[in-house]
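Me: Take a close look at the opening part of this chain for me, please. I'd like to hear how it fits with the rest of the model, all in one go.

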Amino acid sequence: MRMSLKALAPQDWIEIDDQFVKYLLQKDTLLKSRHSEVFASLPGTEASQKEVDLIFN
């Protein structure tokens, strides 16, 4: 047996259900009001953060 990796299309990363919009609104609220409590990153990851931001925004 061996492990196989395959590319996953971005639209398949998250299953959209009836709670998705509610979740995103809550996430946005928390990032704006309590950013330092709900977000953390390691030094040196800024370039990768910007790349992900460009893909999803």
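Reply: Let's settle one term before zooming in: a helix here is a DSSP run of H or I at least four residues long, and helices are numbered from the N terminus. With that in hand, α1 covers 20-33, and Ile-14 belongs to the segment before it. Arg-2 sits in the segment before α1 too. Keep in mind that this is a predicted model.

So what do these two residues look like? Ile-14 has a relative accessible area of 52%; the cut-off for exposed is over 50%, so Ile-14 counts as exposed. Arg-2 is exposed as well, because its relative accessibility comes to 77%. Arg-2 also gives a feel for distances in the chain: Ala-47 is 45 residues away from Arg-2 in sequence, and their C-alpha atoms are 33 Å apart.

Ile-14 has company on the surface. Together with Leu-8, Trp-13, Ile-16, Val-52, Ile-55 and Phe-56, Ile-14 makes up a nonpolar patch. The accessible area of that patch adds up to about 740 Å². For scale, the whole protein chain has an accessible surface of about 6,000 Å², with carbon and sulfur atoms accounting for 59% of it.

Now step back to the rest of the model. The protein chain has three helices and zero strands, so the pattern along the sequence reads α-α-α. A compact globule of 57 residues would have a radius of gyration near 10 Å, whereas the protein chain comes out at 15 Å. Its C-alpha trace spans about 45 × 35 × 25 Å along the principal axes. As for burial, 0% of the 57 residues count as buried. Buried takes a relative accessible area under 20%.

Finally, the charges. The protein chain carries 7 positive and 9 negative side chains, and the centres of those two sets are 3 Å apart. Two salt bridges turn up in a search of the whole structure. One of them joins the side chains of Asp-28 and Lys-32, at 3.1 Å from N to O. Why do these two line up along the helix? Asp-28 and Lys-32 are four residues apart in α1, so about one helical turn separates them. Asp-28 is partly exposed, at 35% relative accessibility, while Lys-32 is exposed, at 68%.

The side chains of Arg-34 and Glu-37 meet in a salt bridge too, with 2.9 Å between N and O. Arg-34 is partly exposed, with 40% relative accessible area, and Glu-37 counts as exposed at 56%.

Back to where you asked me to look: the segment before α1 holds Ile-14, an exposed residue that shares its nonpolar patch with residues such as Val-52 and Phe-56. It also holds Arg-2, which is exposed and lies 33 Å from Ala-47, C-alpha to C-alpha.

Definitions and conventions. Residues are numbered from 1 along each chain as its sequence is written. This is a predicted model: local features need pLDDT of at least 70, side-chain atom pairs count only at pLDDT 80 or more; totals for chains, interfaces and linings use all residues. Side-chain values use heavy atoms; hydrogens and water are left out. The radius of gyration is taken over C-alpha atoms; the globule rule is 2.2 Å times the number of residues to the power 0.38. Buried means under 20% relative accessible area, exposed over 50%, partly exposed in between (1.4 Å probe, protein chains only). Accessible areas come from the Shrake-Rupley method with a 1.4 Å probe; for residues, only the protein chains shown count as cover. Lys and Arg count as positive and Asp and Glu as negative; His and the chain ends are not counted. The place of a charge is taken as NZ of Lys, CZ of Arg, CG of Asp or CD of Glu. Patches are made of residues with over 30% relative accessible area and no salt bridge: like charges are joined within 9 Å, nonpolar side chains (Val, Leu, Ile, Met, Phe, Trp, Tyr) within 5 Å. A salt bridge is a side-chain nitrogen of Lys or Arg within 4 Å of a carboxyl oxygen of Asp or Glu.
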